[in-house]
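Hi,

Here is the structure I said I would pass on to you. Have a look at it first, and then read on for my notes.

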Amino acid sequence: MRTLANIIWHFPFFGFLSALGVFLVGGLFVITVIGAPIGLGLIQLSKFLLSPFSSSMVSKSDLSIEQNKAWKTFGIIATILYIPFGLMLCVVTICQIAGLFISLIGIPIALVLAKSLGTYFNPVNKVCVPVSVAQELENRKANADVDKYLNKQ
């Protein structure tokens with residue numbers, strides 16, 4: 001079913017053009033030194049947009065990937081400078097979502113794009129992973145929450 005949804009995303013709705021556009025914007029950010037963290041996040045988002053029903057965007061901290069503190073600080077500064085561009089990308093994506101909600105077949109695709117709005121606004125330290133990895137991360141978080149709750153009593 002996911003493969004069929006990915007095919008529908010690409011051919012009637014030109015999802016590959018969205019992925020290409022985000023990849024090109026990410027490439028432009030990577031060329032500049034200041035925009036490198038943003039560009040790398042946007043390139044990960046373009047990987048997500050190539051198969052949005054088979055992958056998910058998660059934070060590197062959820063995957064327990066350690067990063068240099070200087071890179072984290074630099075990413076925060078780059079995020080502050082990126083806010084106007086992020087707002088523009090979010091507005092374009094919201095218009096795309098509104099257009100997809102017009103047709104019945106476009107509603108699931110619009111929901112996937114709505115899930116990616118957070119990554120459009122703040123792509124720093126995000127990674128594209130398969131859906132099974134994202135589900136396992138959610139299960140581990142839920143188990144940790146249950147353990148915390150049970151230990152309080």
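Below is what turned up, going from the whole chain down to single residues.

One thing to keep in mind from the start: this is a predicted model.

**The chain as a whole**

The chain has seven helices and two strands. Starting at the N terminus, the elements come in the order α-α-α-β-α-α-α-β-α. If you want a feel for the dimensions, the C-alpha trace spans about 50 × 40 × 20 Å along its principal axes. There are 153 residues in the chain, and 37% of them are buried. Taking the contacts with a separation of 6 or more, 72% are between residues 24 or more positions apart.

**The two strands**

Let's go to the strands next. β1 covers residues 55–59, and four of its five residues are buried, so the rest of the structure largely encloses it. Its partner is β2, residues 126–130; the two strands run antiparallel and are joined by five bridges. To find the pairing on screen, look for Ser55, which has Pro130 of β2 opposite it.

**Aromatic pairs**

How many aromatic pairs are there? The count comes to four. One of them is Phe29 with Tyr82, an edge-to-face pair with 5.6 Å from centre to centre and 75 degrees between the planes. This pair links distant parts of the chain, as Phe29 sits in helix α2 (residues 15–31) and Tyr82 in helix α4 (residues 69–100), 53 residues apart. Phe29 and Tyr82 are both buried.

Trp71 and Phe74 make another pair: the ring centres are 5.9 Å apart and the planes stand at 45 degrees, so this pair is tilted. Both belong to helix α4, where being three residues apart separates them by about one helical turn. Trp71 is partly exposed, at 31% relative accessible area, and Phe74 is partly exposed as well, at 24%.

Phe29 and Tyr82 also come up again in a cluster: together with Phe85 they form one aromatic cluster.

**Two buried residues to click on**

Ile38 is a good place to start, in helix α3 (residues 36–50). Its relative accessibility is 1%, so it counts as buried. Which residues does Ile38 touch, neighbours within four places in sequence aside? They are Phe29, Ala78, Thr79, Tyr82, Pro123 and Val124. Note that Phe29 and Tyr82, the edge-to-face pair from above, are both on that list. For another distance to check, the C-alpha atoms of Ile38 and Leu87 are 13 Å apart, with their positions 49 residues apart along the chain.

The other is Thr119, which belongs to helix α6 (residues 117–121). Thr119 is buried too, at 3% relative accessibility. Leaving out residues up to four places away in sequence, Thr119 is in contact with Leu45, Met57 and Lys126. Two of these lead back to the strands: β1 takes in residues 55–59, and β2 residues 126–130.

**How α4 packs against α5**

Helix α5 (residues 107–115) packs on α4 at an angle of about 160 degrees, and the axes are 8 Å apart. That makes α4 and α5 roughly antiparallel to each other. Their crossing is left-handed. On the α4 side the contact is made by Thr93, Gln96, Ile97 and Leu100, and on the α5 side by Ile107, Ile109, Ala110, Leu113 and Ala114.

**Two backbone angles to look at**

Most residues other than glycine have a negative phi. Against that background, two loop residues caught my eye. Phe14 has a positive phi, near 55 degrees, and is not a glycine. It lies in the loop between α1 (2–10) and α2, and at 46% relative accessibility Phe14 is partly exposed.

Asn125 is the other one, with a positive phi of about 60 degrees, again in a residue that is not a glycine. You will find Asn125 in the loop between α6 and β2. At a relative accessible area of 22%, Asn125 is partly exposed; the cut-off for buried is under 20%.

That's it from me. Shout if anything is unclear.

Cheers

Definitions and conventions:
Residues are numbered from 1 along each chain as its sequence is written. This is a predicted model: local features need pLDDT of at least 70, side-chain atom pairs count only at pLDDT 80 or more; totals for chains, interfaces and linings use all residues. Side-chain values use heavy atoms; hydrogens and water are left out. Buried means under 20% relative accessible area, exposed over 50%, partly exposed in between (1.4 Å probe, protein chains only). Two strands pair if DSSP finds at least two bridges between them. Rings of Phe, Tyr and Trp (its six-membered ring) pair if their centres lie within 6.5 Å; planes under 30 degrees apart count as stacked, over 60 as edge-to-face and the rest as tilted. Contact means heavy atoms within 4.5 Å. Axes are lines fitted to C-alpha atoms, for helices over the stretch in contact, and angles run from 0 to 180 degrees between N-to-C directions. Angles under 35 degrees count as roughly parallel, over 145 as roughly antiparallel, 65 to 115 as roughly perpendicular and the rest as oblique. A crossing is left-handed if the near helix is turned anticlockwise from the far one by less than a right angle, and right-handed if clockwise.
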